[in-house]
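Morning, everyone. Please bring up the model on your screens, and we'll walk through one corner of it.

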Amino acid sequence: MTDSLLDAVAARRDDLVSLTIDLVRFPTVNPPGEAYRPCAEYLGERLRRRGFVVEYLRGEGTPGDTDRYPRTNVVARIEGRSPGKTVHFNGHIDVVEPGHDWTVDPFAGVVKDGRVYGRGTCDMKGGLAAAIVAAETYIDLNPDFPGAIEISGTVDEESGGFGGVAYLAQKGYFSKPRVDHVIIPEPLNKDRICLGHRGVWWAEIETKGEIAHGSMPFLGDCAVRHMSAVLAAFEAELFPLLDTKRTRMPVVPEGARRSTLNLNSIHGGQTDDFKPGLPSPNVPDSCRLTIDRRFLLEESLEEVKGEVVAILERLKRERQKFDYEIRDVMEVRPIMSERDAPVPTALAQGIRAVFDREPDYVISPGTYDQKHVARIGHIYDCVAYGPGILDLAHRPDEWVGIDDMVQSAQVMAIGLDLLLRGKV
Ligand SMILES: [Zn+2]
């Protein structure tokens, strides 16, 4: 079985390439969420012709959903001949904006030197195409397969997944008994299995001041200066503290194997866009800072928040007129699946068969839709596994290797076979 399956997947190389090119040609840029519907319908039409039952689910009322930019997801399911487990392949169809410095058209799907170039090739239309070809090939070779296979193309992963996997999970599409095993072909490299991700806490900190004329700042109270005290305390205390926190999670790249904090944005006082004319000079009465704290299995969210609040509270005691508010923007707890769960076990077998080596087990520095599968759907047998090279995601001249796609499709086909036959 293994050899004939590997050969059959390899024989569909051209189909895999052309499917990837077709997907890249839908400029599904998010935000705003361009071309979601035609891309979802293209996938749905292909899978319908292959015998899947296809549903389109619009994430109505989710962030960004409008008639101009509908959050259209596609879910396709095919039943086997006998009852059994359901394996679900989920890929996000949205891509980030191309940005600058491309040497090829980011939405043409240029094939060159054994690679397909374009925005979303690596992250993650190449992975989704590989999963589709793996499933189709498996079905053709095993028309009597047990259980069921699902493939979904979902939206908005790049902006949190609320109109995509989170929406579907709320509707029961990522829960038992409908689904047992989930594979997300995100670009984590073809011989690595990604067991989960670090946690995230985004928060907005606002310091307060008092407005006054800019020529007499002593009459007011400058919120930006208060924020500079916050930043100074972060530099002196928080960043050094985070640097000391290491994790047993195998996060890649290795620099992310500890706690990190990014200062995403800071805004205080009047606009700095002087084009419409000079604004009047004021002492700012508000300054807002958005922080992005990534945390580890070894840390609790309460502890993570407590470190920041302790600094703000101390400033409030020590610094005249210092006042602040803090608002949570996003919270995601860290996730790490067990290595010996069925999905990682099945994919590890596939990696051994295709590459004749043991897989590496990794953790992603940032989150992806696995969080919704686990938190809302309560499916914990879920990993990310796909052909793209992680470092190329979101970069100019993004590409996916054609050999990598073929090989990862082989791994997924073997994994699918083992999971459906209950051999893991
Ligand atoms: Zn992605």
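Start with one pair: Tyr-117 has Trp-399, in strand 16, as its bridge partner. A quick note before we go on. This is a predicted model, where local features need pLDDT of at least 70, side-chain atom pairs count only at pLDDT 80 or more, and totals for chains, interfaces and linings use all residues. Residues are numbered from 1 along each chain as its sequence is written.

Strands here are DSSP runs of E, at least two residues, and helices are runs of H or I, at least four, numbered from the N terminus. Strands pair if DSSP finds at least two bridges between them. Strand 5, residues 115-117, pairs with strand 16 over 3 bridges, in the antiparallel sense.

Now the whole sheet. It is open, with 3 strands in the order 4-5-16, paired antiparallel. Strand 4 (110-112) and strand 16 (399-401) are at the edges with a single partner strand each, so one side of each has no neighbour in the sheet.

What lies across strand 5 and strand 16? Helix 4, residues 121-141, running at about 45° to strand 16. Angles run from 0 to 180 degrees between N-to-C directions, and axes are lines fitted to C-alpha atoms, for helices over the stretch in contact. Contact means C-beta atoms, placed from the backbone, within 7 Å. Helix 10, residues 402-420, also packs on the sheet, touching strand 5 and strand 16.

Last, helix 1, residues 2-10. Its axis comes within 10 Å of that of helix 4, and the two cross at roughly 125°. Residues of helix 1 that meet helix 4 include Leu-5 and Val-9.

Definitions and conventions
Two residues are in contact if their C-beta atoms, placed from the backbone, lie within 7 Å.
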